[in-house]
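Reader: I have a few questions about how the terms used for this model are justified. Could you take me through them?

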Amino acid sequence: MSTSTESPRTDLDAESAAATQWASVLLHQRRTTLPKRLQGPGPDPAQQAEILAAASAAPDHGQLLPWRFIEVPQSQRARLAEVFAAALLKRDGQAGEPALEQAREKAYRAPWLLLAVARLRGDDPAIPPSERLLSTGCAIQNMLLLATAMGLGSGLTSGKALQSEGLRRLFGLQPDEDALCFINIGHVGQARKARERPPVSAYFTRLGDPRVDRDASSV
Ligand SMILES: Cc1cc2nc3c(=O)[nH]c(=O)nc-3n(C[C@H](O)[C@H](O)[C@H](O)COP(=O)(O)O)c2cc1C
């Protein structure tokens, strides 16, 4: 029998320590692999289902489900390619065929391609756009982390075409919805060095610390 005042570590403690370490390694391992560095195959159907289900674990104030994801299967990439080219031409009427071809080519790069859509307005006015956007970001990060855990590469891409009328029409976006970014997932063809992460001191302070109080008094 232990006479120590400290309670002995239980199996639960050990499990939780292992889970903490595992999760920490996983989330520090996630990094962007841009679509041009991805290669097929994409996630298989079971992996796709798991990645999509990971989004549902995101915090969602008021359970509005303010986000959705639309897959762009290979059979539909040509339609997206034309939207990319048309959006470029609308921005730059002088764009030549090489630039238009480069814009089209972007639609074909990712083995698995999803459009992330957020409903930032409408329904419950008590949940502002910022909270809906945050929920969407959490859902996307869940997906990226699960893809990382599966050994897959992933990255987000954006661009001016996301705001184009053509893209809104292609994906059937409602007036209260915005296309936020594409989620690209596949196998890592060409790994990139991880970027240096900011130190915690760059984004963390504590209320009551002299620096925080000084900053507050100067507002
Ligand atoms: C909403 C969103 C859109 C992004 N769009 C692009 C993009 O169009 N092109 C790109 O190179 N990176 C894009 N990124 C990825 C960032 O560049 C990347 O996260 C950043 O370089 C940090 O790298 P890391 O993800 O490996 O930490 C996007 C990231 C976010 C959050």
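Author: Happily; here are your questions, each with its reasoning.

Author: Please keep in mind that this is a predicted model.

Reader: What makes a residue part of the shell around the ligand, and which residues are in it?

Author: The test is that the C-beta atom, placed from the backbone, lies within 6 Å of the molecule. The residues around the ligand are Arg31, Thr32, Leu34, Leu156, Thr157, Ser158, Gly159, Cys181 and Arg195.

Reader: How do you know how many of that shell are nonpolar, polar and charged?

Author: Leu and Cys count as nonpolar, Arg as charged, and Gly falls among the polar ones. The shell therefore divides into three nonpolar, four polar and two charged residues.

Reader: Which positions does UniProt give as "binding site"?

Author: The unreviewed UniProt entry places that feature at Arg30, Arg31, Thr32, His61, Leu156, Thr157 and Ser158. These positions cover 129 residues of sequence and are also spread in space, with up to 27.7 Å between C-alpha atoms. One of them, Arg30, sits in the loop between helix 1 (11-29) and strand 1.

Reader: Why is the crossing of helix 2 and helix 5 called right-handed?

Author: The name right-handed is used because the near helix is turned clockwise from the far one. The axes of helix 2 (residues 45-55) and helix 5 (residues 129-149) come within 7 Å and cross at roughly 145 degrees.

Reader: What makes this a contact, and which residues form it?

Author: Two residues are in contact if their C-beta atoms lie within 7 Å. Helix 2 contributes Glu50, Ile51, Ala54 and Ala55, while helix 5 contributes Ala139, Asn142, Met143, Leu146 and Ala147. By class, the contact of helix 2 with helix 5 has seven nonpolar residues, one polar and one charged.

Reader: How do you know that strand 1 and strand 5 pair?

Author: Pairing needs at least two bridges. Two bridges join strand 1 (residues 38-39) to strand 5 (residues 177-188), so the strands pair, and they run antiparallel. Here Gln39 stands opposite His187 in strand 5.

Reader: Which other strands pair with strand 5, and over how many bridges?

Author: Strand 3 (residues 112-119) is joined to strand 5 by eight bridges, again antiparallel, and Leu114 stands opposite Ile183. Strand 4 (residues 153-157) pairs with strand 5 over five bridges, also in the antiparallel sense, with Gly186 as the bridge partner of Gly153.

Reader: Which residues does UniProt list for the domain?

Author: For "domain: Nitroreductase", the unreviewed entry lists residues 29-187. The end C-alpha atoms of that span lie 15 Å apart, and the span is 40% helix and 19% strand.

Conventions. Residues numbered from 1 in each chain as written. Predicted model: local features only at pLDDT ≥ 70, side-chain atom pairs only at ≥ 80, totals over all residues. Axes fitted to C-alpha atoms, helices over the stretch in contact; angles between N-to-C directions. Helix = DSSP H or I, 4+ residues; strand = E, 2+ residues; numbered from the N terminus. UniProt positions renumbered as here; feature names shortened; annotations may be inferred.
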